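Trainee: I should like to go through this structure term by term, asking what justifies each label.

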Amino acid sequence: MGFWDERRQKREEFEARIREKVAREEEERKRKAEELEAEKKRLLEQADREREEKRAAKRDARIQAGMKGSRATFREKMNVLLKRGPAVDEDFWEGLEEVLIMSDMGVNASVEIVAGLRETAARQALPDAYAVYELLADQIARAFPQVERDPFSDVPSLVLFVGINGAGKTTTVGKIAYEGVQAGRKVILGSADTFRAAAIEQLQVWGERAGVEIVQRERGSDPASVCYDTIERAEAIGAEEVLIDTAGRLHTSDDLMRELAKVVKVVRKRSQMPVTVVLVIDATTGQNGLSQAREFNRSLDLDGIIVTKLDGTAKGGIAVAIAHDLKLPIYKIGVGESIEDLKDFDAQEFALGLIGTPDDLKSGEDSEGE
């Protein structure tokens, strides 16, 4: 073999080794890519399972049943949106935002929720609208401010209940008093709704049922003085939880709101306990409830809200709008008439009660068989 033939042969052998090495490296790259993709798929499936297990554990039967009306209305609107197809395009995002707004969640909250979902959808490359819907409850839950201090478990505590007539203040006070006694706390009630005789009588019934003392005065008495007397009596008997019912006030009446502001000022100044001013709001009022909350908050500097009568409305989304826009935590929600139907607020549970799951959409009915 001549010199040049030998050199050519060596070159060919060298090139063959290079090709073989490149092929092995490419094969290894593909193998690692497949393993990475498989691991990614496994982690996503695991995350889905964990999310579903978390949701299943949280799905309180009373809340799910109580919010059936809101959930059915939302599902109807979503089904109309999805009739155009499951593609996640600009029309879908605009349609979803419109659905949230029409479901009483408010413009600000709806825009923020959709923006968060769009970011997640792009990051995770979500394939269709159902995958987006899978994350919607989580995104809605994030719209609610967290409760930094629960005035109904962190005692000693004084809670002043405010709101318009018919919102369910007195009933809510009575239920919380009963709950406090059952938890072993020493509770006292103050009936500062001195303008409505029925309110005093109603609170008396709840007081007797719970076995707690009530401080009350004759009809027409100064509500601020009733609050003052309630605080003094609470200190005398060593009460841990002081719950004061106030008269219903129209948020559109400046004079009445100023009078209520005076009551709040007296309580905050006199009480040695932490004072929490809670707005009790009727969910059936819908967007009017947001206006109420804004005015009460402007006049009284609210600490939080309780949303009642969710079982009698399809407007449960208003809780999202109020909590988000006013940055107020929700302490409890009412989903029925019984004591057990006044529930501690859980953002994830509420969101599931409000919108359901993708399976609910596909089946056309709630997974509980409603």
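Mentor: Let us begin with one residue. Ala-321 touches Asp-104, Met-105, Gly-106 and Leu-290, with residues up to four places away in sequence left out. Contact here means heavy atoms within 4.5 Å. The model is a predicted one, in which local features need pLDDT of at least 70 and side-chain atom pairs count only at pLDDT 80 or more, while totals for chains, interfaces and linings use all residues. Residues are numbered from 1 along each chain as its sequence is written, and side-chain values use heavy atoms, with hydrogens and water left out.

Trainee: Why does Ala-321 count as buried?

Mentor: Buried means under 20% relative accessible area, exposed over 50% and partly exposed in between, with a 1.4 Å probe and protein chains only. Ala-321 has 0% relative accessibility, so Ala-321 counts as buried. This residue is found in helix H13 (residues 318–326). Its C-alpha atom is separated by 7.6 Å from that of Asn-108, although the two are 213 residues apart along the chain.

Trainee: What makes a run of residues a helix or a strand?

Mentor: Both are DSSP runs, numbered from the N terminus: helices are H or I with at least four residues, strands E with at least two.

Trainee: How many residues of strand S6 are buried?

Mentor: In S6 (residues 304–308), 5 of its 5 residues are buried, and the strand is described as mostly covered. Gly-304, Ile-306 and Thr-308 lie on one side, Ile-305 and Val-307 on the other, and all are buried; both faces are therefore covered.

Trainee: Which strands pair with S6 in the parallel sense, and over how many bridges?

Mentor: Two strands pair if DSSP finds at least two bridges between them. S5 and S6 are joined by 5 bridges and run parallel, with Val-280 opposite Ile-306. S6 and strand S7 (residues 330–334) are parallel over 3 bridges, and there Ile-306 stands opposite Lys-332. Both counts satisfy the criterion, so both are pairings.

Trainee: What makes a β-α-β unit right-handed?

Mentor: With the strands pointing away from the viewer, the path from the first strand over the helix to the second must run clockwise. S5, helix H12 (residues 287–300) and S6 make such a right-handed unit, and S6, H13 and S7 make another.

Trainee: In what order do the 8 strands of the open sheet stand?

Mentor: The order is S3-S2-S4-S1-S5-S6-S7-S8, with mixed pairing. Strand S3 (213–215) and strand S8 (342–344) each have a single partner strand, so they stand at the edges, with one side of each left without a neighbour in the sheet. Within the sheet, strand S1 (residues 157–162) and strand S5 (residues 275–282) run parallel and are joined by 5 bridges; Phe-161 has Val-278 as its bridge partner in S5.

Trainee: How many residues of helix H14 are buried, and what caps its N-terminal end?

Mentor: In H14 (residues 347–355), 9 of its 9 residues are buried. Asp-346 is the cap, with a side-chain oxygen 3.1 Å from the backbone nitrogen of Gln-348. A polar contact is a pair of N or O atoms within 3.5 Å; within protein, one must be able to donate a hydrogen and the other to accept it, and residues adjacent in sequence count only if both atoms are side-chain atoms. After H14 comes Gly-356, with a positive phi near 75°.

Trainee: Which element has the lowest mean pLDDT?

Mentor: pLDDT is the predictor's confidence in each residue, from 0 to 100. Helix H15 (residues 358–363) has the lowest mean, 66, and S1 the highest, 97. Where pLDDT is low, the predicted coordinates should not be read in detail.
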